[in-house]
Amino acid sequence: MSLIFWTLTLVPLLKYVFIVLRADDNGEGGTFALYSLLCRHAKVNPLPSRQLADEDLSSYTKDIKSPAPSTFGGRLKSTIEKYRVLQRFLLVLALLGACMVIGDGILSPAISVFSAVSGVEVAMKKEHHQYVELPVVCIILIALFTLQHYGTHRVGFLFAPIVITWLLCIASIGLYNIVHWNPHVYRALSPYYIYIFLKKTQKQGWMSLGGILLCITGSEAMFADLGHFSQLSIQIAFTSFVYPSLVLAYLGQAAYLSQHHEMQNDYHIGFYVSVPETLRWPVLVIAVLAAVVGSQAIITGTFSIIKQCSALGCFPRVKIVHTSSKIHGQIYIPEVNWILMVLCLAVTVGFRDTGRLGNASGLAVITVMLVTTCLMSLVIVLCWHRSVLLAISFVFFFGAIEALYFSASLVKFLEGAWVPIVISFFFMMVMSAWHYGALKTYEFDVQNKVSVDWLLELGPGLGIVRVRGIGLIHTELVSGIPAIFSHFVTNLPAFHQVLIFLCVKSVPVPHVAHKERFLVGHIGPREYRIYRCVVRYGYRDARTDGPQFEDDLVCSVAEFIRTGERKADPTDEEMVVVGTPSTHPNGVQFREESGSNHEIMEAREEGVPRAKKRVRFVIPESPKIEVGVRDELRELMEAREAGVAYILGHSYVRAQQGSSFVKKMVINYGYDFLRRNFRAPTYALSVPHASTLEVGMVYNI
């Protein structure tokens, strides 16, 4: 009992509730949130398309203060920024934590539901329960994963009553057992008994520590779900309700077991044995419901971590469905959901035993905790600017405790602990191959991009016929002209009168404000009518697409034209922050019908045939705009009325001649397989096929 009590006190309560929860990334928690926080403070960005303008984001610069160069934090910061191997180590550490969270998303639902349903062992005859347990567990798990696409908001109002009822239930039963069986059981809380236990049992006692990890399962999920709740609400709920209920429950079981050293009928489930017989069936029902709620939280956390990894370029693109229009964090990923279900059922049917499932889940949980401890030590120095002695003390104190549990879990490799290792290894290979391939593809784009000087030599007509309409060229580049454009114009003699090079990218912050969403600038002189637009999203932002995004994009370009200044140097690609139309109500607005009390500019002149779609911009009455700006706006409206064509690059990535065998395997088979079998970029799925043109190129990287 002493081991359980002090583990509960030191890890979930002291470490997570009072320390780790404070290391939020603008309100978001989890392993990748810590990594994102470190990336911004040490300028270690995993995304190759980083811009200096990203550092001006309000959520990026919040509470960021660089440590003095003479301090240890300053020297550590410069060292990490200098050596790429340290940056890669941080990335691998964060990916390891993410992979173990995914493994926990597979194992925790299995062991939670299995443990709850195992109560039938003491609620019905022994010869019957073994035929009931496994089918019931599988049915509940299938139903749990099948209903994920409906979202938790439809039944979320039931979660709090279920959890509160469960905590009150175990606390009341624990209190009853304490009073009825052993009122002096509180003496077992003394840490002296830990010493006595380990001294007496030695190796066997050390090996049994892995089972104690189950009492702190969910601590990392509590940190990962920080985006749904405030720090204060979690701290109050855990310290005043969850923690006391758990302590009373475990004390009650200890009191019962102190008077029942030998289990009758060969029962294996200690908790249900300590429940009074008349309450076993109601408690079993509440336990199953609580297990479903807990599993739901773990699955949602897994979806969240995969979305973060995908946004930061460390996981293949997947379909992300937002199940609630009011609560942003409620998402559903179909592909991942079915993979989790199949693997969860596989380990449940394969093990059929809470002991081996517990060994597997325990190793996954303690590995994530170790990763969090390592990252937190860097946060203490680089982000909080505290003493290095404090960071070292944090690592040694909590790291020593977690290393002890980790070693105890690892020795049970053949007894189930191999499962999270295999799962994390598989996902690590997938994530590493994707990140490496995406990074090399971007580097190829950068090396083969066309300079603005080449564009200036072509003249305003670009040496080709300019037809009506807007050409929207999707690219990963944030500067320069992509090679697909030069490849296109050398093979086709015509292009659109307005060109927009569009880059949709993620930045290492949870959310980007709408007023900072777009970066817009000219490429070349104004008369070329070529623009660059960078659309920035945080790793937890919902990406918009379709007609609304198209209108917002054109409006943002129009607002840039109205407010932008003329450049003295045509080769200068300076960009301006322009928000979405909703953030500048006094700026240019997109309308299909005429407005009132405003100056209206229409995209049609006498003699020009009326288009089917009527497009107008509403501009403010003051200040008065120049003639050149008016002409540029008119031409943009004419192009918008003529329609938008989407030019997408379709690259075939191959390892160049002379590459190593490993690189050929990763690029030609691993990365190529992921590109072909996972989803295309969001914009490629949302654009109308009739207006899409793909430009194919071979990338030898």
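**Contacts, burial and strand pairing in a predicted model**

Q: What makes the approach of Ser387 to Leu389, at the start of helix 18, a polar contact?
A: A side-chain oxygen of Ser387 comes to within 3.1 Å of the backbone nitrogen of Leu389 at the start of helix 18. A polar contact is a pair of N or O atoms within 3.5 Å, of which, within protein, one must be able to donate a hydrogen and the other to accept it, while residues adjacent in sequence count only if both atoms are side-chain atoms; the value for Ser387 and Leu389 is within 3.1 Å, so it meets that distance limit.

The model is predicted, so local features need pLDDT of at least 70 and side-chain atom pairs count only at pLDDT 80 or more, whereas totals for chains, interfaces and linings use all residues. Residues are numbered from 1 along each chain as its sequence is written, and side-chain values use heavy atoms, with hydrogens and water left out.

Q: What makes helix 18 a bent helix, and where is the bend?
A: Helix 18 covers residues 388-410 and bends by about 30° at Gly399, the bend being the angle between axes fitted to the seven residues ending there and the seven starting there. Helices (H or I, at least four residues) and strands (E, at least two) are DSSP runs numbered from the N terminus, and the chain has 25 helices and twelve strands. Gly399 is also one of the buried residues of helix 18, along with Phe394, Phe398 and Tyr405, among others. The buried residues of this helix pack against helix 1, helix 10, helix 11 and helix 17, contact meaning heavy atoms within 4.5 Å.

Q: Why is the pair of Lys15 and Glu402 called a salt bridge?
A: The side chains of Lys15 and Glu402 meet at 2.5 Å, N to O, and a salt bridge is a side-chain nitrogen of Lys or Arg within 4 Å of a carboxyl oxygen of Asp or Glu, so the pair qualifies. Lys15 lies in helix 1 and Glu402 in helix 18, so the pair ties together parts that are 387 residues apart in sequence.

Q: How do you know that Arg356 and Asp353 form a salt bridge, and are these residues buried or exposed?
A: Their closest N and O atoms are 3.9 Å apart, so the pair falls within the limit. Buried means under 20% relative accessible area, exposed over 50%, and partly exposed in between (1.4 Å probe, protein chains only); Arg356 at 33% and Asp353 at 32% therefore count as partly exposed.

Q: Why is Arg562 called buried?
A: Arg562, in helix 22, has a relative accessible area of 18%, so it counts as buried. Its side chain makes a polar contact with the side chain of Glu559 at 3.0 Å.

Q: What makes strand 6 largely enclosed?
A: Nine of the nine residues of strand 6 (residues 530-538) are buried, so the strand is largely enclosed by the rest of the structure. Ile530, Arg532, Val534, Arg536 and Gly538 point one way, and Tyr531, Cys533, Val535 and Tyr537 the other.

Q: How do you know that strand 6 pairs with strand 4 and with strand 5?
A: Two strands pair if DSSP finds at least two bridges between them. Strand 4 joins strand 6 in the parallel sense over nine bridges, with Leu499 partnered by Ile530, and strand 5 joins strand 6 over five bridges in the antiparallel sense, with Phe518 partnered by Val535.
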